[in-house]
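Me: Please take a close look at the salt bridges in this structure. I would like to know where the paired residues sit and how buried they are, with enough of the surroundings to place them.

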Amino acid sequence: MTERTPHDRAFASDVDEFDRNIYATGKGKVREAVLRADLAHLIQHPEPLRVLDVGAGLGQVNSWFAAAGHEVTHTDISDDMVAKAQARHHALGLADRYRYHVADLQSLSALLANETFDVVLCHAVLEWLAKPYAALSLLEQHVASGGWLSLMFYNIHAKRMANMVYGNFDYVANDLQVKKKVRFSPNHPLDPTAVLSRMQQYPLTLFCHSGVRCFHDYLRPPEFDFEKLLQLELRYRQQEPYRALGRYQHTLFKKESL
């Protein structure tokens, strides 16, 4: 395995806390609902697809593909994450649909060689990397001709907006920098315009673009009708100006057929 960039973030000893803070919450449910809606046509594809999930974590999203009969390669930098994902998939009766690798994104080229996939998933990974844009070419090279790249990343504009709503004016004035990092707050939130501009250098066409949590993170107090909120999140996820306010941005690209 190649050496990681010093400031790339890996979740090793805090897997259970990560699960509770990210997926066992309303914000996690919104994330999953948006991704499931955007990826539905691929999950439901009648022919078996080969899926690569980079930074797959606990494997919630890729389990939808495995349950639908697709073959999944699950990779994550944390051996704890991979072990727990493997146990979860085994409990779901899906283990025979998987192969697992403990590896960082930078190691994939050596690990997978020239292997390509019908679907490449990379969700909530770029913002933890010291050099996030360098990862784009590594991902693109593993997308098969006519295949798909599902890329979700943390939106710096939404982070700034949310902190203005919260009244954290000094934090915003300091360009969202603090002396002590919050454990589950991404190191390098990204500008969606910059990401989309970088993606133009690859033979990829933007198929859909959704905001994830366009409303959820701005609500105070936190008590509200979640089901009504979820329906509105899904309705407006691809409509501006709401999409631009999504805490995460989900982009789905299709690679040109050769």
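Reply: Arginine 213 and aspartate 217 form a salt bridge in which the closest N and O atoms are 2.7 Å apart. This is a predicted model. Arginine 213 is buried, because its relative accessible area is 6%, under the 20% limit. Aspartate 217 also counts as buried, at 7% relative accessibility.

The search of the whole structure finds nine salt bridges. Another of them joins the side chains of glutamate 140 and lysine 255, with 2.9 Å from N to O. Glutamate 140 belongs to helix α6 and lysine 255 to strand β7 (residues 248–255), so this pair ties together parts that are 115 residues apart in sequence. Glutamate 140 is buried, with a relative accessible area of 11%. Lysine 255 is buried as well, its relative accessible area being 14%.

Glutamate 240 and arginine 243 make a further salt bridge, and here the closest N and O atoms are 3.1 Å apart. Glutamate 240 is partly exposed, at 41% relative accessibility, whereas arginine 243 is buried, with a relative accessible area of 18%. Salt bridges also link Arg50, Arg99 and Glu115 in a network.

As for the setting, the protein has 258 residues, of which 50% count as buried. Its secondary structure comes to 10 helices and seven strands. Among contacts between residues at least 6 apart in sequence, 77% join residues at least 24 apart. The accessible surface comes to about 12,500 Å², and carbon and sulfur atoms account for 52% of that.

The loop that leads to α6 runs from β4 (117–123) and contains lysine 131. Lysine 131 is exposed, with a relative accessible area of 60%. Its C-alpha lies 8.7 Å from that of histidine 188, although the two residues are 57 apart in sequence. Proline 189 is in the loop between α8 (169–173) and α9 (192–199). Proline 189 is buried, with a relative accessible area of 17%. Leaving aside neighbours within four places in sequence, proline 189 is in contact with Glu127, Tyr154, Asn155, Ile156 and Lys159. The C-alpha atoms of proline 189 and leucine 126 are 8.3 Å apart, with their positions 63 residues apart in sequence.

Two other parts concern helices. Helix α3 (residues 60–67) has seven of its eight residues buried, so the helix is largely enclosed by the rest of the structure. Those buried residues are Gln60, Val61, Asn62, Ser63, Trp64, Phe65 and Ala66. After α3 comes glycine 69, with a positive phi near 100°.

Helix α2 (residues 26–43) and helix α10 (residues 226–236) have axes that come within 10 Å and cross at roughly 40°. The crossing of α2 and α10 is right-handed. On the α2 side the contacts involve Gly26, Lys29, Val30, Ala33, Val34 and Ala37, which meet Phe226, Leu230, Glu233 and Leu234 in α10.

At the surface, Met161, Val165 and Tyr166 make a nonpolar patch of about 240 Å². Tyrosine 166 is in helix α7 (residues 156–166), and is partly exposed, with a relative accessible area of 31%.

Key:
Residues are numbered from 1 along each chain as its sequence is written. This is a predicted model: local features need pLDDT of at least 70, side-chain atom pairs count only at pLDDT 80 or more; totals for chains, interfaces and linings use all residues. Side-chain values use heavy atoms; hydrogens and water are left out. Patches are made of residues with over 30% relative accessible area and no salt bridge: like charges are joined within 9 Å, nonpolar side chains (Val, Leu, Ile, Met, Phe, Trp, Tyr) within 5 Å. Accessible areas come from the Shrake-Rupley method with a 1.4 Å probe; for residues, only the protein chains shown count as cover. A salt bridge is a side-chain nitrogen of Lys or Arg within 4 Å of a carboxyl oxygen of Asp or Glu. Helices (H or I, at least four residues) and strands (E, at least two) are DSSP runs, numbered from the N terminus. Buried means under 20% relative accessible area, exposed over 50%, partly exposed in between (1.4 Å probe, protein chains only). Axes are lines fitted to C-alpha atoms, for helices over the stretch in contact, and angles run from 0 to 180 degrees between N-to-C directions. A crossing is left-handed if the near helix is turned anticlockwise from the far one by less than a right angle, and right-handed if clockwise. Contact means heavy atoms within 4.5 Å.
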